[in-house]
Amino acid sequence: VVQPDLHLQVTSPLTNTARPSIVKEDYWGNPRPLDAGPEIGADEIMVVRPVLSPGRAVSAFPGEVLTFTHVLTNAGNYPDLYTLVAESNLGWTVTYTPPFTVSLGVLKSSPITIVVTLPPTATAYSTSTILLRATSGNEMAIWATAVNTVTVLRTVAVTLTPDLEAIGFQNYTTTYTHILTNAGNYTDTFGLSRVATYEPNN
């Protein structure tokens with residue numbers, strides 16, 4: 001036998017229209033009333049509506065530490081305990097405050113601060129998505145998300161080591177070996193040149 005769905009819809013004309021009574025819970029154990037007045041019927045509508053302020057897109061150099069601030073609002077009609085998760089799709093280090101959970105009353109808000117550390121080895125032009133998710137404790141299938149994107153800027157650096165010195169003889173070939181290193185964060189092409197000086201031994 002298929003059980004009938006007795007849950008009211010938010011748009012139902014039966015919401016907030018019942019007379020006050022001594023009944024303090026609906027059929028599923030939700031407190032009543034939850035809003036301006038009790039509903040007619042077995043169900044007291046619980047509106048679950050977390051809202052997060054939107055994210056932003058920025059660019060930064062490898063090794064930089066970035067801070068993003070969001071505001072989480074309980075736009076539902078009942079207090080809620082939200083579980084927080086913040087992560088980078090590229091595995092960058094992400095921390096957030098408050099950690100793990102935040103409790104909010106009806107129409108109350110709380111700032112959520114995310115700190116993202118770019119790896120020193122981050123490749124130029126790569127983009128990481130930093131996702132913040134706040135999941136309702138009243139209804140775990142409902143959550144709010146905010147997305148920040150960080151694009152890595154290019155750094156250009158080069159090293160040539162080591163400095164070498166030797167005593168040469170006329171008509172004798174001396175070989176020097178150096179190591180050229182691309183110390184930047186993107187593929188590069190380097191032009192090489194040499195300058196020779198001669199200092200006679202007086």
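Biologist: How much space lies in the largest pocket?
Modeller: This is a predicted model, where local features need pLDDT of at least 70, side-chain atom pairs count only at pLDDT 80 or more, and totals for chains, interfaces and linings use all residues. Residues are numbered from 1 along each chain, and side-chain values use heavy atoms, without hydrogens and water. A pocket here is an open set of 1 Å grid points where a 1.4 Å probe fits, with protein on both sides within 12 Å along at least five of seven lines. Filling the points with probe spheres, the largest pocket holds about 490 Å³.

Biologist: Which residues are closest to its centre?
Modeller: Happily, the lining is a short list: 15 residues (an atom within 4 Å of a point) surround this pocket. Closest to the centre are Tyr-176, Arg-194, Val-195, Ala-196 and Thr-197.

Biologist: Which strands stand at the edges of the open sheet?
Modeller: Five strands (DSSP E runs of at least two residues) are ordered β2-β9-β8-β4-β6, with mixed pairing (at least two bridges). Two of them have a single partner strand each, so one side of each lacks a neighbour in the sheet. These are β2 (57-60) and β6 (101-104).

Biologist: Which residue of β9 stands opposite Val-58?
Modeller: β2 runs parallel to β9 (residues 143-152), pairing over 4 bridges. Opposite Val-58 stands Val-150.

Biologist: Which strand gives the most to the largest nonpolar core?
Modeller: That core (buried, under 20% relative accessible area, nonpolar residues joined through side-chain atoms within 4.5 Å) has 26 residues, and Leu-72, Ile-114 and Val-150 touch the most other members. With 4 residues, the top contributor is β9.

Terms used: Buried < 20%, exposed > 50% of the residue type's maximum accessible area, 1.4 Å probe, protein only.
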